[in-house]
Amino acid sequence: MSHHPAADRASRRIRYGLMSGGLANFLALYYVQPLLPAVAGRFGVSASESTAVLSVATITMAVALLVVGPLSDIAGRVMIMRLSLVGSGVLGVAAAFAPTWHSLLAVRGLQGVALAGLPAVALAYLREETPARAHVRANATYIMGTALGGAAGRLLPGPLHELGGWTGATATVGGITLLSAAGLWVLVPPSRRFAKAPPRWGSLLGNTARTVRDPTLMALCLVGATTMGAFVGLCNALAFRLEAAPFLLGGAAALAFLAYPVGIPAPLAAGRLATLRGRGPAALVGVALLLAGVLLTLAAALPAIVAGLGLLTFAFLGTHSLVSGWVSDRAQRIGVGAGQAAGLYLLAYYAGSSVFGALAAYQWQTAGWPAVIAAGAALALAAGLLVILARRFDTG
């Protein structure tokens with residue numbers, strides 16, 4: 001069987017279909033982030049407690065990735081992606097009408113499970129269905145879709161909340177997710193290079209052990225955890241910082257996330273740099289920019305904070321694009337299932353989001369913004385060391 005040619009219609013459909021899916025995935029997961037102060041007020045919970053509406057979805061998503069990645073190696077890729085978006089859209093609409101705090105958390109937990117299907121499978125599908133010379137471009141296009149979803153998730157909820165409150169904003173996001181699901185269903189063709197693996201659980205456990213024992217893959221998974229933790233933690237706490245003195249922006253605090261679209265071209269820029277210099281050096285550049293973005297938000301002036309957020313977003317999305325592609329490439333070279341490796345990477349990635357995202361809100365509540373920055377800077381430095389280790393171990 002042959003790859004989908006990079007320039008033909010099928011290849012374009014793959015790229016844009018998965019771009020649409022990535023947009024919906026990140027929008028559905030992260031739209032609650034700029035609404036955390038509103039969530040705290042509506043349901044009568046504290047700032048640190050309100051982050052559970054995000055972290056419960058990322059935790060259940062991370063756990064589900066342990067199953068969905070290997071399942072896709074057995075059952076196939078495309079149907080799992082389709083059902084993932086449809087399910088997350090339906091549950092997103094249901095979240096709009098959750099009557100209590102605990103019922104909302106239950107629905108968001110189920111939505112996290114549904115959302116796991118797309119990211120666990122998309123990178124493996126791209127790896128199989130595009131030629132080697134187009135991997136970086138195809139991966140960057142998909143990550144651009146997640147960046148667009150992240151941008152929409154930060155920018156749309158504020159105006160939607162002003163127009164229709166929590167119910168209107170949440171129902172609208174659920175509807176957008178369902179529309180994106182329809183787009184993916186129509187655009188993404190069935191796999192042509194997927195080879196169904198028999199359900200041999202002994203082999204599955206052996207592959208998991210090989211993945212965990214590979215120092216390159218483990219270092220890359222931890223890069224995902226630390227960079228995601230730094231990014232989400234700062235964004236969670238920033239929503240509360242801008243509503244407090246001296247800024248007192250109220251609902252207008254969400255406008256700071258207008259800096260987020262700066263990150264949309266980052267995957268393509270990182271891909272070009274990786275083509276010239278290699279993934280490792282390009283990832284180190286991304287981590288250095290991540291650290292600079294974190295430190296820039298120490299400023300007392302709002303324009304500098306917004307600039308820091310833009311730099312942070314650009315660096316994070318570029319680094320994630322490179323590292324996620326590196327994981328798939330490394331897995332193929334050492335003979336580990338691509339879906340399985342992607343699932344483990346995303347498990348670490350979303351675990352970092354859950355743990356450090358909640359920790360940052362607690363640090364803001366108890367020790368203020370400098371404590372948030374100290375944790376973010378420490379995570380960025382750790383990510384840099386892990387990239388250096390991954391380069392050293394990956395002789396390929």
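This report walks through the nonpolar core, one buried serine and the salt bridges of a predicted model.

## Ground rules

Local features here need pLDDT of at least 70 and side-chain atom pairs count only at pLDDT 80 or more, while totals for chains, interfaces and linings use all residues. Residues are numbered from 1 along each chain as its sequence is written, and side-chain values use heavy atoms, leaving out hydrogens and water.

## The nonpolar core

The largest nonpolar core (buried Ala, Val, Leu, Ile, Met, Phe, Trp, Tyr and Cys joined through side-chain atoms within 4.5 Å) has 116 residues, and Leu18, Met81 and Tyr350 touch the most other members. Helix H11, residues 215–243, gives the most to this core, with 16 residues; helices are DSSP runs of H or I, at least four residues, numbered from the N terminus.

Beyond its neighbours within four places in sequence, Met81 has contacts (heavy atoms within 4.5 Å) that include Leu18, Leu118 and Val188.

## A buried serine

Ser321 sits in helix H14 (residues 302–334). With a relative accessible area of 5%, Ser321 is buried, a word that means under 20%, with exposed over 50% and partly exposed in between (1.4 Å probe, protein chains only).

## Salt bridges

You will find five salt bridges in the structure, each a side-chain nitrogen of Lys or Arg within 4 Å of a carboxyl oxygen of Asp or Glu. In one of them, Asp214 pairs with Arg330, with the closest N and O atoms 2.7 Å apart. These partners are 116 residues apart, and both are buried.

Asp394 also forms a salt bridge with Arg330, at 3.0 Å between the closest N and O atoms.

Methods
Helix = DSSP H or I, 4+ residues; strand = E, 2+ residues; numbered from the N terminus.
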